[in-house]
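Biologist: Please take a close look at a single part of this model and describe it for a first-year student. I should like to know which residues make up that part and how they are arranged.

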There are 2 protein chains.
Amino acid sequence: MRKGEETRTRILDVAEAAVLQKGFGGTSIEELIAETGITKSGFFYHFRDKNELAKALLNRYIENDERIYDEIFSRARDLTDDPLQTFLLGLKLLSELLSDLPNGHPGCLVATVCYYERLFDREIQETNRNAVLAWRRRFGRMLRDIMEVYPPREPINVDQLADMVSSVLEGGIVLSKTLKEPNTLAEQVLMLRTFVKMLFLPVAEMPRA
Amino acid sequence: MRKGEETRTRILDVAEAAVLQKGFGGTSIEELIAETGITKSGFFYHFRDKNELAKALLNRYIENDERIYDEIFSRARDLTDDPLQTFLLGLKLLSELLSDLPNGHPGCLVATVCYYERLFDREIQETNRNAVLAWRRRFGRMLRDIMEVYPPREPINVDQLADMVSSVLEGGIVLSKTLKEPNTLAEQVLMLRTFVKMLFLPVAEMPRA
DNA sequence: TCCCCTCCTGCACCGGCGGTACAGTTTTGA
DNA sequence: TCAAAACTGTACCGCCGGTGCAGGAGGGGA
């Protein structure tokens, strides 16, 4: 039936916004049901407890996150065949997407879960871990493609460089939110882009990608 | 009087560890008093409410954080006069300090507060903001010293590069904690070091700092 | 048309927690 | 020794997460 899914989605929408602002512990089920206009019984019909809500929330967030990266880098691939240019263009597109967010990035659920770990079960922690590993694989794959064509100027570990993309994103979100400077995150992504460009592009030529 | 301060410190120690694992919302006052062996009345004698505990916790954390950076970079300055070498050495020392942490980095309170913002008052949010701005000023100062001697290979904004240090640290902590790979954070710092080195060091010479 | 299944509502209740209030007690340093 | 500091003990409040269960609306298939 349709109606159930719709309500479930509405709860998840409200919950996601609340959790990103106040953390899981700071978000009460009572406030969620108040905002969605559902009763407590209705809530517990959809989610057995808070842990299951968190699970659903995290899974949905990660799926959406992956979809966004897929879109961005496939758009980049449509525009160039060169793996380095694809990556640089992808970072550019990402930074544009981030700076277009009206109120800045709302926060990353992976980080929220990370700073709340002890109260969740192993399954949710594993989900979170796998999400970060998926980022590592995604960016690592692209970086390996680049390295087949462009020898890096300095010896680097691919996984560590791939992780740096995640680091700068996660850290940039924290900085942006804390400083209340929405643009900081986008700037950090461009800074990372400069790094990647410098690492792989020959000294002589410096075309804009 | 001494005794009061001692108890206060013990509460803060227990609270800091708990908050970094479970967030503010996930940490109950009852568990804190159980672990410190104090009564509820005793707790509220030291802190008016949870918000004041958070305030004290954050201020202490930030002070300690600043002290650590002061020590690291003053040690680096003792070993070399060159501003670039000082910075690179400082990052190296920092990464060593981080990889020596027995159970990995426990987490950053600034990030915790960032992901819990809405439940705190303006004062605590301002404190958090100022902490990040202090990082920006600290690293920015060092980078400006570098740029007076070494022209950067690519045009960069100093504040944004300074922020990148904070980004990589905050992001590295999230990755390290989520992946349960304590070493990831230290590796990320070294990765950043590679970036800074590449940005400022002339192409020809590549001495190890 | 009837009935079943999904999708809820309403209500009563529990225990934990943040917080208040306040009286009394021990500890400590001048 | 004495006052202030640093607590303890007790009783209480309201919110919240969570349980249990009975019942009802509404739509889709037989």
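Modeller: A polar contact is a pair of N or O atoms within 3.5 Å. The model is predicted, and the part chosen here is the protein surface near DNA strand D.

In total, 18 residues surround DNA strand D. The closest come from two chains: S28(A) and I29(A), together with T7(B), T39(B) and S41(B). By class, the residues of this surface comprise 8 polar, 5 nonpolar and 5 charged.

Several helices take part. In chain A, α2 (29-36) and α3 (40-46) each supply at least two residues of the surface near DNA strand D, as do α1 (2-22) and α3 (40-46) in chain B. The greatest share comes from α3(B), which gives 4 residues.

On the side of the strand, 59% of the atoms of DNA strand D within 4 Å of the protein belong to sugar or phosphate, and the rest belong to bases.

Three polar contacts to phosphate oxygens of DNA strand D can be followed one by one. A polar side-chain atom of H46(B) lies 3.0 Å from a phosphate oxygen of the strand. For T39(B), one of the closest residues, a polar side-chain atom lies 2.4 Å from a phosphate oxygen of DNA strand D. I29(A), also listed among the closest residues, uses its backbone: a backbone N or O atom of I29(A) lies 2.8 Å from a phosphate oxygen of DNA strand D.

Notes
Residues numbered from 1 in each chain as written. Chains lettered and ligands numbered in written order. Predicted model: local features only at pLDDT ≥ 70, side-chain atom pairs only at ≥ 80, totals over all residues. Heavy atoms only, no water. Near = heavy atom within 4 Å. Polar contact = N/O pair within 3.5 Å; in protein donor to acceptor, adjacent residues only side chain to side chain. Nonpolar A, V, L, I, M, F, W, Y, C, P; charged D, E, K, R; others polar.
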